[in-house]
Structure formats: C-alpha cells, structure tokens
Amino acid sequence: GIMIMKSDSTTRLKELDRIIDITKENTRLMHETRVSLEKLEEQHGNLANNVADTAEDAFYYNLEDTKTLGQIKFDEVLRNVRDYNGKEYDVMMKNGKSDAVVEVKQKVHFKDIGDMLERVIPNFRKGFPQTEGKQVYGAIAGMSFPPDFKQKAEEAGLFVLTQNGKNIKVGNSRGFKPKAF
C-alpha cells in the first residue's frame, strides 16, 4: 500500500506543477492584455483629443481669418483664453463694443445651449471685467449636431457655427437676430 501512496503523491505533485505552469502563463497573458489595453486607451484618448483639437483649429483659424460672427465684425480673435478666475474659453472675439465667446465641440448636445446661457456667458462676464458695458454674444461651434439644434439655439439667441468643407459657416437662419447677453 505504501507504493500506491508514493506514486499517488508523485502524480499529485506533477499535477500541481502543471497547475502552477498554467497559472504563470495565465498571469503573463493577463499582463500582456493589460499592457495592450492601456496602449489602446492611450491611443484612443489621443485620437479623441486630436479630433477635438482639429475641430478647434478649424473654427479658430477660420474666425481669425474672417474676424466676423454673422454680421458682427471683430478686431481681435483669441484662442484658449483664461479669465481672471482661471476658466478657459475656446475662442474669444473682441471689438470696441462687443465681445463674443465661442465654445467648440466635436459633437454638440442640447445641454450645451443651457450650459452656454447658465454657465459660460455669466462666467465669461464675471471673469473679464472689461466686458462691463459691452454686448456679449455666444456661439456654439461643432462638427455634428442633433436634429433641431439650430432652432433651439436660435431661440436662445446663440450663433451656431458648422463646418462646410474647408470653411465654417454660420448655420443660423437668414433672419436670425443674435441676442446680446
């Protein structure tokens, strides 16, 4: 009976060694998978940032070139401007009597309208005391919009900027009257 015990324990040790090898291999594979996923996440994040930067570039360079928003002519177009409270704005446009704040989005959502009215424009006014006594206009620029967005933004008095090939265009209706905030 002792021989059976010995061969039984040898079989068990071999089985245990095999389990340990499999576990080591699984651990190695899991590590490789994690590294691959981290690389993929980083690339995806960079891609998302690149797409956002590309959208911002397109709108900024075009506004910088035309210096107009609808019928309003501006003297200066600034990018990634920080106010006195440290808040950053994608694009700011200035002239003697008006300022405009342009928020650039890759994909625009309806909530961006409320955000512009309730947060962006009031913060812009607070953060730039020189807007005192000036008209402030708001614009939402984007590459993709939900249906009926333009109408809702117009009702709120906001400019809508869309991309049109190499150029951007004001997407508002012909008779649109922007609201000064």
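In this predicted model, Asp90 is buried yet forms no salt bridge. The nearest side chain of opposite charge belongs to Lys105, at a distance of 5.9 Å. Because a salt bridge requires a side-chain nitrogen of Lys or Arg within 4 Å of a carboxyl oxygen of Asp or Glu, the 5.9 Å to Lys105 does not qualify. Asp90 sits in strand β4, which covers residues 88-94. A polar atom of the Asp90 side chain does lie 2.7 Å from the backbone nitrogen of Val104.

Lys105 also appears in the lining of the largest cavity, together with Glu103, Asp112, Asp115, Met116, Val120 and Ile140. The structure holds one cavity of 30 Å³ or more, and the volume of the largest cavity is about 30 Å³. Two elements, β5 (98-107) and α2 (111-127), each supply at least two residues of this lining. The greatest share comes from α2, with four residues. By class, three of the lining residues are nonpolar and four are charged, while none is polar.

The model also has pockets to consider. The largest pocket has a volume of about 180 Å³. Its lining consists of Gly70, Gln71, Phe159, Val170, Asn172, Ser173, Arg174, Phe176 and Pro178. These divide into four nonpolar residues, four polar residues and one charged residue.

The table sets out the two spaces.

| Space | Volume | Nonpolar lining residues | Polar lining residues | Charged lining residues |
|---|---|---|---|---|
| Largest cavity | about 30 Å³ | three | no | four |
| Largest pocket | about 180 Å³ | four | four | one |

Backbone geometry is a separate topic. Most residues other than glycine have a negative phi. Which phi value does Lys67 have, although it is not a glycine? Lys67 has a positive phi of about 50 degrees. Lys67 is located in the loop between α1 (2-66) and β1 (68-69). With a relative accessible area of 22%, Lys67 is partly exposed.

Asn80 is likewise not a glycine, and its phi is positive, at about 45 degrees. Asn80 belongs to strand β3, residues 76-82. Is Asn80 buried or partly exposed? Asn80 counts as partly exposed because its relative accessibility is 34%, and the term covers values between 20% and 50%.

Definitions and conventions: Residues numbered from 1 in each chain as written. Predicted model: local features only at pLDDT ≥ 70, side-chain atom pairs only at ≥ 80, totals over all residues. Heavy atoms only, no water. 1 Å grid on protein atoms, 1.4 Å probe; cavity = no way out; pocket = protein on both sides within 12 Å on 5 of 7 lines; lining within 4 Å. Points joined across faces, edges and corners; volume = space filled by probe spheres on them. Nonpolar A, V, L, I, M, F, W, Y, C, P; charged D, E, K, R; others polar. Buried < 20%, exposed > 50% of the residue type's maximum accessible area, 1.4 Å probe, protein only. Lys, Arg positive; Asp, Glu negative; His and termini not counted. Polar contact = N/O pair within 3.5 Å; in protein donor to acceptor, adjacent residues only side chain to side chain.
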